[in-house]
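Me: I would like to learn how to read a structure like this one, feature by feature. Could you take me through it slowly, with the general idea before each case?

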Amino acid sequence: MFKKLMKGGQKKPSKSDSTDGYGPPANNANSTEAVIVPPPSGTIEPLPLFRDVPVSERQNLFIRKLQICCHTLDFTDTMKSVREKEIKRQALMELVEFIQSGSSKINEICQEEMIKMVSVNIFRCLPPAFHENTGQDAADPEEEEPCLEPAWPHLQLVYELLLRYVVSSDTDTKVAKRYIDHSFVLKLLDLFDSEDPREREYVKTILHRVYGKFMVHRPYIRKAINNIFYRFIYETERHSGITELLEILGSIINGFALPMKEEHKLFLVRALLPLHKPKPVSVYHQQLSYCISQFVEKDYKLADTVIRGLLKYWPVTNCQKEVLFLGELEEVLEATQAAEFQRCMVLLFRQIARCLNSPHFQVAERTLFLWNNEHIVGLIAQNRTVILPIIFEALEKNVQSHWNQAVNGLTVNVRKMFLEMDAELFEECQRQYLEKEAKAKEVEELRELNWKRLADAAAQNGADMVTA
C-alpha cells in the first residue's frame, strides 16, 4: 500500500526532465535500496541532531533532513510559515556542517537525493528585470539597483551545501558526475542571470570548482558559456552575469596549455572580441580586458588579431568607451612583439591620430599617455619612419589649436620626443606638413575667389535684368 501511495504521489517525468536527475534511477547494484524523496506535503517537523543518533542511523537521518529541505516556502511574506522556515534553516545548517566535517562519508543514494534537493531549491524561474516587468526602457546597468532574492537565507545554505560537496575530498567524481551532469551544469549557468550579486558570486565559485574537478564537463562548460555570450552580443545585450563568467574564464585561459588549441583561438575571435560591441561593456570591461591580455601573454602571435579586433569595434561617438579601449590597447601593446606590431601599426596609428585630435580631452590625454610606456615607445622608435608621418599632422594641430591646456602640453612633450628620436625625419615631416598646409590654403583662396566671381556675376545679371 505504501509503495502505491509513493508511486501515485510522484509527478510523471517529462521528456525534458529525463536527463536532469529526476528520472527513474539507473539500473545498478544499489537500485533496490534507492530512497526516493517524496514530494513536499504536509507540515514540517524538526528532526534530531546528527550527534544525537548512532552512526549507523546518520545516513537515514541525512535523507530525512533532505526531505524537509525539499519544501519550498514563500519568502515574500515574512510572517508566513515562520516555524517551517526556521526548521528548514536549521536542517540546512546541520547538512552543511555534516558535509564539511567529513566525519561520515555519504553513500551514493544520499548524494543523489542531495543533488535533487539542491535542484528543487536553486533551479527556479528568475523574476523578470524591472524594465521587462514595467515595459520601460532599460536603464544603465551600472545605475540599476540590484533586486535581492527574498529567499536568500535558505538559498545561501543550499549553495554552501553544494559547494562543500563539490570541494570535499570525499566526493568521488566518477559517482558525482552521474548527478552533476550536463543538464545540471546548464541550469547552473542559467542562474548567472540572477539579479542578486550574492547568488551570482556563489554560482561563480561553484561552477569554477566544478570546472576544475570534473574534467569531463570542461568542453561542455566552455561551449555553454560561448552560447550565453552569443545571445548577449547578438540578441539581448542584457545579462546580469557577464562579469562573473569572464572572471571564471580569466582563470580558465590562464591554464590553457601551449600550443593553444584552435578551439580557444576561435573563442577569442568569435566571442571575446565581439564582447566589446554591446553598450554595457563598461560594466564588465575590466574582466574582459584581463581575458584578452591573458591570450596575448599566452601566445604573442595573437597580438595582431586582438589589435585588429579592437579597431573593428572601436567606438565612434562614445568617449568614455574610447578611454576604456585605449587602456586595454596599452595592456595588449605591452605584450606585443615587434613582428606582430609591424603587421597592424598603420591601421593602429591612423586610429591613434584620430584619438589625438579628439575634442574630448580625456580621450586625447589617454592617447598621449601611451608615450609614457617604455615598451610602446621602443616599438614606435623602431618603426618611426612609418608612424611619425601618420600622426605628425595630428600632433601639429593639437599644438596649434587644442582647447585643453594639459593636452597641449603633453603633445609638445611627444613632439619633442620625436624630434630627439630622429631630427632629420622630423624636419622632413614638418616640411611635408607645411607644403600640404600651403596647398590647402591656396585651394581655399581659389575656392573663395571662384565664389566671389560667381556672386559678382549673379549680381551683374540681376542688375541687367532690372534695367531691362
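Reply: Let us begin with the exposure of a single side chain, Lys397, which has a relative accessibility of 36% and therefore counts as partly exposed. Please keep in mind throughout that this is a predicted model.

Me: Which residue does Lys397 meet in a salt bridge, and how many residues apart are the two?

Reply: A salt bridge is read from the gap between a side-chain nitrogen of Lys or Arg and a carboxyl oxygen of Asp or Glu, which must be within 4 Å. Here the side chain of Lys397 meets that of Glu393, at 3.1 Å from N to O, and the two residues both lie in helix H19 (residues 384–401), four residues apart, which is about one turn of the helix. Glu393, with a relative accessibility of 23%, is partly exposed.

Me: How many salt bridges does the structure hold, and which residue forms one with Arg431?

Reply: The structure holds 27 salt bridges, and the partner of Arg431 is Glu435, with the closest N and O atoms 2.5 Å apart. Because they are four residues apart in helix H21 (residues 423–467), these two are separated by about one helical turn. Glu435 is partly exposed, with a relative accessible area of 39%, and Arg431 is partly exposed as well, with 38%. Elsewhere, Glu112, Glu113 and Lys116 are joined into one network by salt bridges that share partners.

Me: Is Glu340, which meets Arg343 in a salt bridge, buried or exposed?

Reply: A residue is called buried when its relative accessible area is under 20%, so Glu340, at 4%, counts as buried. Its partner Arg343 is partly exposed, with a relative accessible area of 48%. Their side chains meet at 2.9 Å, N to O, and both residues lie in helix H16 (residues 338–356), three residues apart, about one turn of the helix.

Me: What is the nearest side chain of opposite charge to Asp299, and how far away is it?

Reply: The nearest such side chain is that of Lys265, 4.1 Å away, and Asp299 is buried yet has no salt bridge. Asp299 lies in the loop between H13 and helix H14 (303–312), and, leaving aside its neighbours within four places in sequence, it is in contact with Met260 and Lys265.

Me: Which residues have the most contacts inside the largest nonpolar core?

Reply: In soluble globular proteins, nonpolar side chains tend to be buried together. In this model the largest nonpolar core has 127 residues, and those with the most contacts inside it are Phe229, Leu272 and Trp371. Helix H6 (residues 152–167) gives the most to this core, with 10 residues. Leaving aside its neighbours within four places in sequence, Trp371 is in contact with several residues, including Phe349, Ile352, Leu356, Val414 and Phe418.

Me: What covers the buried residues of H10, and what follows this helix?

Reply: A helix can be read by its span, by its buried residues and by what lies over them. Helix H10 (residues 218–236) has 19 residues and reaches 26 Å from its first C-alpha to its last, close to the 27 Å expected at 1.5 Å a residue. Its buried residues include Ile221, Arg222, Asn226, Phe229 and Phe232, and among the elements that cover the buried residues of H10 are helix H8 (182–190), helix H9 (197–213) and helix H12 (262–272). H10 is followed by Glu237, whose phi is positive, near 55°.

Key. Residues are numbered from 1 along each chain as its sequence is written. This is a predicted model: local features need pLDDT of at least 70, side-chain atom pairs count only at pLDDT 80 or more; totals for chains, interfaces and linings use all residues. Side-chain values use heavy atoms; hydrogens and water are left out. The expected span of a helix is 1.5 Å times one less than its number of residues. Buried means under 20% relative accessible area, exposed over 50%, partly exposed in between (1.4 Å probe, protein chains only). Contact means heavy atoms within 4.5 Å. Lys and Arg count as positive and Asp and Glu as negative; His and the chain ends are not counted. A nonpolar core is a set of buried Ala, Val, Leu, Ile, Met, Phe, Trp, Tyr and Cys residues joined through side-chain atoms within 4.5 Å.
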